[in-house]
Amino acid sequence: MAGWDRGRRRRTRALNDESEPEETVSDEPRGPAGARRLRLRTVLLIVVIVPSVTFTPLLASGMNQLFTQWQAEKAHMELATTTVGRPAAGLFFALDQERRLTAQVQAGPGEAARDKLAGQRAATDKAVSAFRPLTTLAGAAAQEGLADAVSSTVRGLGLLDQQRRAVDAGWSSAQQAFDYYSGLLESDLGVLTALSNADEGQLNTEAQTLVDLFWIIDMVGREDAVLAHGWEDRRLTRTEYGLATEAIGARNHLMHARVLPTLKGEETRYAKLTDSQAWRTMTEVEGRLTLAAAGSTGDQVRLRDDGAAWRSSAETVTARLRELLNLRFEHVRTIGYGHADMIFTVFLSISIVGLLALALVVLTSWRLTAVLRRRILSLRQDAQELQERLPDVVARLQRGEEVDADAEVRMIQPTGDELGELGQALNLARRSAVLTAVRQAEQHRGFQRMLQRIARRTQILIGLQLKKLDELERRHENPEVLEGLFDLDHLTARLRRYEENLVILGGGQPQRRWRKPVRLLDVLRAAQSEVQDYRRISIDVEGEPWMAERAVGPLIHVLAELMENATTFSKPLTPVEVRAAPVSRGVAVEIEDRGLGMEPEEYAAVNALLQAPPQLDVMTHADDVRLGLYVVGRLSASLGLQVELRSSAFGGTRVIVLLPESLVVDRPPAAAPERAARSEEVRQEAAAVRARPPADAGDLRPAGGDGTLPTRARGRAMASITADAGSPGRAADAGSPDRAGAPVPSGRRPLPQRVRQASLADELKVPADPDDRGDQEDWTARDQPSRSSATIGAFQRQSRKRRTGEDASQTRPNGSPEPTPPTTEDR
């Protein structure tokens, strides 16, 4: 395939991989491929942050838990003792009194009983007004069942007025009134029971005793309400008797089983409450009630006249129970707030100690991290110092200076810890690196010298070969032999350029030098003559720029490498266009082929290599096939050329070479007449070639006579064409001998004779005097420089016409033979 083929792209991708800039020394540790690199500061911060972050949530969690628990217990105590507990207890006692007085009014109407009931109803209304707002507070409380109990109580209180009106109007029986008030009191006791449910075990136990005391008072009140209705008629129904006995049994069970065993402190003085006179009187009345029920038949239980004794004992027992209840309430309040204060104290202690511990951990870790980082950074600076000094040592070695490895290495003072061992290892590594650099630099320098010596010797042989080929070209007259010799001459010129590549890679410079400025057109033609498939290259130069003499040799080499690169990686029949034109900063030379081109990233990699060619180690790049790129980069850097590869509009590659103004000089004064004469010679030569008639096919003799082909005289090529324009008859007279003495057949013009260096600019010609060669190398001095493709093609074309009488079928339109397919050259 034509263009910069796949092999070229693969080599360019490999070049892209090898031409990546070296990584600068940093404090980032190298990890596995694709692993995230962490800076030293980040690693040390992680060392500080990880334990701190791990410890901080634990501390915060404990502090939050204690603070939440303290808030919850404090809020619960506020609800139980003040916000909800006090209104609920007040409502309980008010409803209990109203229940008893309602039963008395229903049993025997009287003004005194009604007045007492009215007064109690007013007190109850105040308690209800204080209790109703608890609906909102209970909804936000955390105690389970509190909101439901408050809501149930409030719903029951909504029927209070209706119940009162029914009692006053006589619509409600004693049983209905008893059931209503008892149910409402049970709902209120549910509120108190929910308030007693605490998270702290001791508080929950002590509060449960407080709730039991409320139930005992309720049981006494129930019994009192039932008996208050029965004292008026001295009888009870069996239902009322059952209610009274249930209340008696529940009261005794709660008192003996759950309240008396839990009394403590000042409460113990109420441990003998059941042995008091009031309690005995109350139990005696209850005993007589039991005997009466046993002796009665039917639905009625006859009562004795014990109402006054019951009333007195019941009130006394209730008062003592309320005293015990108040003591228990204060005891529970003390335990609850004490436990909450204890939790708050623990919270403060843990918070202070935890924060101090956290600060200590952070400060200690930060201090240790700072010390560790400072020491590691000191080692890093020592390593960077080695990185900075090592290239200087190598550069001094390349300049031939002697280097003392011990003097170039600053030793690190060792310490007894692991970092001290690391410093000692770094000392050994630094010394080893310097010694290795010294050895490698010496080996590389020695190899470069050896490579230059070998290349110089080869160049001498190539120069001798070129001289020998020139002698053979002037000695032989057979066109076929001359064509072969010209091909060998062309191959040898290319071989000379390849040997110069070795010299440049070995650190040297091309030895071909010029003493005068040379036209850019001649430089381009000289570069073209060193390309294998030079016939495909077309050159177009705008204006007449001239190159400084110091840049001619390297510039020919650079342009030849780029031209051969373009012909090698494009189709054999496609043209390679070379254009040159002055620009604002010098002269731009464009070399454009019509191959496949490269990818954008490949262009970028090649341009980066050309802009900054690395120090090439020939031994490590022995298998590299892109040495031409290194050579172009080296020579461009030495001359200040700017070489850039771009994509071509034809799909191939366009190379732009910018020649700086420092290399462009003015035309020498003596070059104008020489240029005019040379242009006239070329014009006459082309006219003579076009005017020469063809010979008959198969006839080896010139038409019109028996004469043979003219013999080739030394230095006489193109003599008849390049003769003085003022003496045209000198080459056209029939039968006149030429300058070599050979007769010319009459009526036929002789074949053009070769004139040494006739087609070259004066600046490219080699002096005829062997002593007048300037500073040019002996092995490069030739009697005949590179010849242009037009001259060689014209000579071969006319030779075939004279021998065969017709044009060769294998010739191209420009007269040159078809080129052979290019071979892949190692670039």
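Okay, so let's start where helix α9 meets helix α10: on the α9 side the contact (heavy atoms within 4.5 Å) includes Trp215, Ile216, Met219 and Glu223, and on the α10 side the residues include Ala247, Ile248, Arg251 and Leu254. The residues of that contact split into 14 nonpolar, three polar and six charged.

Quick caveats: this is a predicted model, where local features need pLDDT of at least 70, side-chain atom pairs count only at pLDDT 80 or more, and totals for chains, interfaces and linings use all residues. Numbering runs from 1 along each chain as its sequence is written, and side-chain values use heavy atoms, with hydrogens and water left out.

Back to the helices. α9 covers residues 201-233 and α10 covers 238-259, and they pack at about 155° with axes 9 Å apart. That makes them roughly antiparallel, a label for angles over 145 degrees.

Now, salt bridges, meaning a Lys or Arg side-chain nitrogen within 4 Å of an Asp or Glu carboxyl oxygen. The count comes to 33. One of them pairs glutamate 223 with arginine 251, closest N and O atoms 3.1 Å apart. Glutamate 223 is in α9 and arginine 251 in α10, so the pair ties together parts 28 residues apart in sequence. Both are buried, which is to say under 20% relative accessible area.

Arginine 121 also bridges to glutamate 98, at 4.0 Å between the closest N and O atoms, and those two residues are buried as well.

And which residues are linked in a network of salt bridges? Glu577, Arg579, Glu590, Glu592, Arg594 and Arg654.

Definitions and conventions
Axes fitted to C-alpha atoms, helices over the stretch in contact; angles between N-to-C directions. Helix = DSSP H or I, 4+ residues; strand = E, 2+ residues; numbered from the N terminus. Parallel < 35°, antiparallel > 145°, perpendicular 65-115°, else oblique. Nonpolar A, V, L, I, M, F, W, Y, C, P; charged D, E, K, R; others polar. Buried < 20%, exposed > 50% of the residue type's maximum accessible area, 1.4 Å probe, protein only.
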